[in-house]
Each structure stands twice: as structure tokens, then as C-alpha cells.
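Colleague: I'd like a close look at a single part, please: the surroundings of the ligand. Which residues are closest there? Take your time, and carry on into the rest of the chain afterwards.

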Amino acid sequence: MKKMDSNTILITGGANGIGLALAERFITAGNKVIICGRREDKLAEAKTKIPELHTYKFDVSKEEDRIALYEQVTHEHPDVNVLLNNAGVQRYLQLDEKEPWKNTESEIATNLDAPIHLAMLFTQHFIGKEYAAIMNVTSGLSHVPLVVVPVYNATKAGLHSFTLSLRKQLEKHNIEVIEISPPHTNTDLGAPGANTAGVPVEEFADAVMKGLMEGQQEVTYGWSQLTAQASRAERDEIFKQLNADY
Ligand SMILES: NC(=O)c1ccc[n+]([C@@H]2O[C@H](COP(=O)([O-])OP(=O)(O)OC[C@H]3O[C@@H](n4cnc5c(N)ncnc54)[C@H](OP(=O)(O)O)[C@@H]3O)[C@@H](O)[C@H]2O)c1
């Protein structure tokens, strides 16, 4: 990241997990941080923990909320120059079982529609700024799917692909585009306590800040570094091992 301080950063889904750990570090590094999420109690908890945070209640899976978020943030914080698309959900899904489409639609809307739409909205505000950046949180599963979360994998693979095109298209506007690809990390993603076998969130957040400071455009760590760099043959082998119990 070419500029690590004095930014105004909007982090979607910043009230807990990876988003909150990064919010904390960005504030310590001298940035203003705005977060958004659906649960008021989680936003209030985050604000109690870090009083400098600006909090907004919006559901980024909804088009009208994304537009309202963009309008409110750019109106109240016209200096906003960094968008961190972090909000995400993950669902276990058996594709041969009947399920209402709205559940899948909402997962795709949160993980893929939202970062794409917000990137397009905020690009309009970022063009012409001295420094601006868009960061997308993908996953090690962007490269090797975990079959029990099939739609999640697809959204993250899609976001990885979108990030590559976005970076190239925004080069001419001098807007930096960064991908943050976490490995399995101990947060409440999927369900509270579902990821205790993952990397501690503080450890991953420290690694992200280091990667950003070093100027990495694709910040990976541990398992996500392995999958991002693996050859096709290696990915096939990792896929077999990862899904051996299925
Ligand atoms: N943990 C892992 O193992 C892992 C691995 C790879 C990638 N990731 C990615 O890392 C990102 C952060 O996840 P996390 O692990 O920190 O999970 P988390 O602790 O569950 O945090 C997800 C955040 O997203 C917010 N969110 C979800 N849906 C939203 C919506 N429709 N509108 C606004 N906010 C929404 C949640 O707040 P509300 O529920 O209050 O809205 C929450 O603050 C996600 O994109 C995830 O896919 C995580």
C-alpha cells in the first residue's frame, strides 16, 4: 500500500473478525476508519472497544443499502480514499438438497455483488484523488475449493478474478487495487466458534499490515500463499487432501 497513514478507510463488515483487527491496526497507524455492518450491537461493541471508529448500519447484500452507504459516507467523510471490501458470509450447502434460492442469492450478493458494486461506486469518488485504493478480501479457497461451501468458493474465485481486471482498469486513474487473501482464520465466519482450528486473527492481521507495508498487491499468508502460488497439478493434489473426508 503506497500510503499507510492519513487515509480515510471504509471497512465493510468491520465490527468483528478480520475487519475489526485491521480497523484497529489502521487507526494505530494514523488513519481514520469507518466501519459498517448489519448488527447494531456488534457495531456498538466495536465503538466501545475503539472509540475513534465511525460506525454505520447497512446491509451490503442490498443494492439500496450499498447506494445509501456510498452517499452517506462520501457526504459525511468526503476525504474517504480507501475502500476495504471485507464483509462476507459462508454457508455449508448440499447441492442435491432442496433449499430456498434466497439463501444462496444473499450469499452471492454479500460476497460478490457488494464488492463489485461498491468498487464501481467508490471509483467515481476516488478518481482525481492524490491517493486512493480499493482492497478486496478473497480467500485461499479462491484457488482450491472446499466442497462443503460450494457457493462461497465460487464467490471468492469470482472476486479474485474481478480484482485482477479492476487493478488493470484503474491503473490509469492511479487507484491502487489490493487483494487480501486470508487462510483459515479463527473468526466467527460461518458460525460462532466454527474456526478455532484457524490462524489467530491477530496474527493474520499483523501479517496483512506487514504485507501492505512491503507493497504487496496480493497479500497472502500460510495456506492461502500455498494455494495462490501452486501449479495446476499442485492445486489438484491440495483439493484431494482438503476434501478427503467428503
Ligand atoms: N475466517 C476465515 O477463515 C476466512 C478465510 C478466508 C477469507 N475470509 C474472509 O474474510 C472476510 C471477513 O470474515 P471474518 O472471517 O472476519 O468473518 P466474521 O467474523 O464473520 O466477520 C464478517 C463481517 O461481515 C459482516 N457482514 C456480513 N454480511 C454483511 C452484510 N450483508 N452487510 C454488512 N456487513 C456484513 C458481519 O457483520 P454483521 O453480521 O453484523 O453484518 C461481520 O462483521 C470475509 O470476506 C471472509 O469471507 C475469512
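Modeller: Let's settle one word before we start: a residue is near a molecule if its C-beta atom, placed from the backbone, lies within 6 Å of that molecule. Keep in mind, too, that this is a predicted model.

With that cut-off, 31 residues surround the ligand. The closest are Gly13, Gly17, Arg38, Arg39 and Gly88. If you sort the shell by class, you get 17 polar residues, nine nonpolar ones and five charged ones. Now look at where they come from. Helix H1, residues 17–28, and strand S2, residues 32–37, each put at least two residues into the shell. H1 gives the largest share, three residues.

Let's follow strand S2 a little. Lys32 sits in this strand, and Lys32 counts as partly exposed because 19 other C-beta atoms lie within 10 Å of its own. It takes 20 to be called buried. The C-alpha atom of Lys32 is 6.2 Å from that of Asn7, even though the two residues are 25 apart along the chain.

Next, the nonpolar part of the story. In soluble globular proteins, nonpolar side chains tend to be buried together. Here the largest nonpolar core has 52 residues, and Leu22, Ile35 and Ile134 are the ones that touch the most other members. Take Leu22: if you skip its neighbours within four places in sequence, Leu22 is in contact with Ile11, Leu84, Ala205 and Val208.

Now for a pair of helices. Two packed helices are described by the angle between their axes and the distance between the axes. For H4 (residues 101–126) and H5 (residues 150–170), the axes come within 9 Å and cross at roughly 10 degrees. Angles under 35 degrees count as roughly parallel, so H4 is roughly parallel to H5. On the H4 side, the contact includes Thr104, Glu107, Ile108 and Leu112, while on the H5 side Val151, Tyr152, Lys156 and Phe162 are among the residues taking part. By class, the contact has 11 nonpolar, five polar and two charged residues.

H4 also holds Asn103. Asn103 is exposed, because just 12 other C-beta atoms lie within 10 Å. Its C-alpha atom is 39 Å from that of Ser6, and the two residues are 97 apart along the chain.

Ser6 is worth a stop as well. You'll find Ser6 in the segment before strand S1, residues 8–12. Its phi is near 60 degrees, a positive value in a residue other than glycine. Ser6 has 12 C-beta neighbours inside 10 Å, so Ser6 counts as exposed. Asn174 isn't a glycine either, and its phi is positive at about 65 degrees. Look for Asn174 in the loop between H5 and strand S6, residues 175–181. With 14 C-beta neighbours inside 10 Å, Asn174 counts as partly exposed.

One more loop and we're done. Leu95 lies between strand S4, residues 82–85, and H4. Leu95 has 9 C-beta neighbours inside 10 Å, so Leu95 counts as exposed. From Leu95 to Ala244, the C-alpha atoms are separated by 18 Å, with their positions 149 residues apart along the chain.

Conventions: Residues numbered from 1 in each chain as written. Predicted model: local features only at pLDDT ≥ 70, side-chain atom pairs only at ≥ 80, totals over all residues. Helix = DSSP H or I, 4+ residues; strand = E, 2+ residues; numbered from the N terminus. Nonpolar A, V, L, I, M, F, W, Y, C, P; charged D, E, K, R; others polar. Axes fitted to C-alpha atoms, helices over the stretch in contact; angles between N-to-C directions. Parallel < 35°, antiparallel > 145°, perpendicular 65-115°, else oblique. Contact = placed C-beta atoms within 7 Å. Core = buried A, V, L, I, M, F, W, Y, C linked by C-beta atoms within 7 Å.
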